[in-house]
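Trainee: I am new to this structure and would be grateful for a close look at one part of it. Please describe how that part is built and what lies against it.

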Amino acid sequence: MGGFDLDTFITSSLKVLETNGSGTNVVMKYKPGKKRSVVKFRTKNDRLGLSYGFKTRDAKEVSRGLSAMGPTGVSLPLGRVGKRVYKKKVLDLPGMSTLMVNKKVKKAPEQVAAAPAAASKSHEGGKAASKTSTTAPAGGKGGKKKSKKKSKK
């Protein structure tokens, strides 16, 4: 395994998968440690004689590596030359798993903001239901208010 940065590992791995996806192995290994854990990413193709690797302890790089392995892929920030070639600042790369299954992945629909919950009036058999408030009291101390139950006498 060479000493690549994460962007180089991702682009090199994608090129190998595009060239010969059926003969390429993509591996992620997690090795727990007492102080810090290590995650290793490796792409290997024996037919072509290529092997790319990347090792990290940074959570952001692990997240980015996992995104690159998934179906949605990652966005690669481009340098000065890349901006001239592609005429944009960021290059969207496909996910490695998309290339392995040879199918296009649909983009997830944007989430619609949740509608505000209407105040519900719950009455069962003429008895009022107990009310619970989840808002913090005005005194400045956070927390959940306890429900007030009416006692029968």
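Mentor: Two strands pair if DSSP finds at least two bridges between them; strands (E, at least two residues) and helices (H or I, at least four) are DSSP runs numbered from the N terminus. This is a predicted model, in which local features need pLDDT of at least 70, side-chain atom pairs count only at pLDDT 80 or more, and totals for chains, interfaces and linings use all residues. Residues are numbered from 1 along each chain as its sequence is written, and side-chain values use heavy atoms, without hydrogens and water.

The part chosen is the sheet. Its 3 strands follow the order E1-E2-E3, with antiparallel pairing, and the sheet is open. Strands E1 (24-31) and E3 (50-56) form its edges, each pairing on one side only. On average, neighbouring strands are turned by 10° against each other, direction ignored. E2 (residues 38-45) joins E3 through 7 antiparallel bridges, and Thr 43 stands opposite Tyr 52 in E3.

Helix H1 packs on this sheet and touches E1, E2 and E3 (contact: heavy atoms within 4.5 Å), its direction making about 150° with that of E3. Angles run from 0 to 180 degrees between N-to-C directions, and axes are lines fitted to C-alpha atoms, for helices over the stretch in contact. Among the buried residues of H1 (residues 6-19) are Phe 9, Ser 13 and Leu 17; buried means under 20% relative accessible area with a 1.4 Å probe, protein chains only.

Helix H2 also lies across E1, E2 and E3, at about 30° to E2. The axes of H1 and H2 (residues 59-69) come within 11 Å and cross at roughly 10°. The two helices are therefore roughly parallel (angles under 35 degrees). Leu 6, Asp 7 and Ile 10 of H1 meet Glu 61, Arg 64, Gly 65 and Ala 68 of H2 in this contact.

How values were computed:
The expected span of a helix is 1.5 Å times one less than its number of residues. Buried means under 20% relative accessible area, exposed over 50%, partly exposed in between (1.4 Å probe, protein chains only). Angles under 35 degrees count as roughly parallel, over 145 as roughly antiparallel, 65 to 115 as roughly perpendicular and the rest as oblique.
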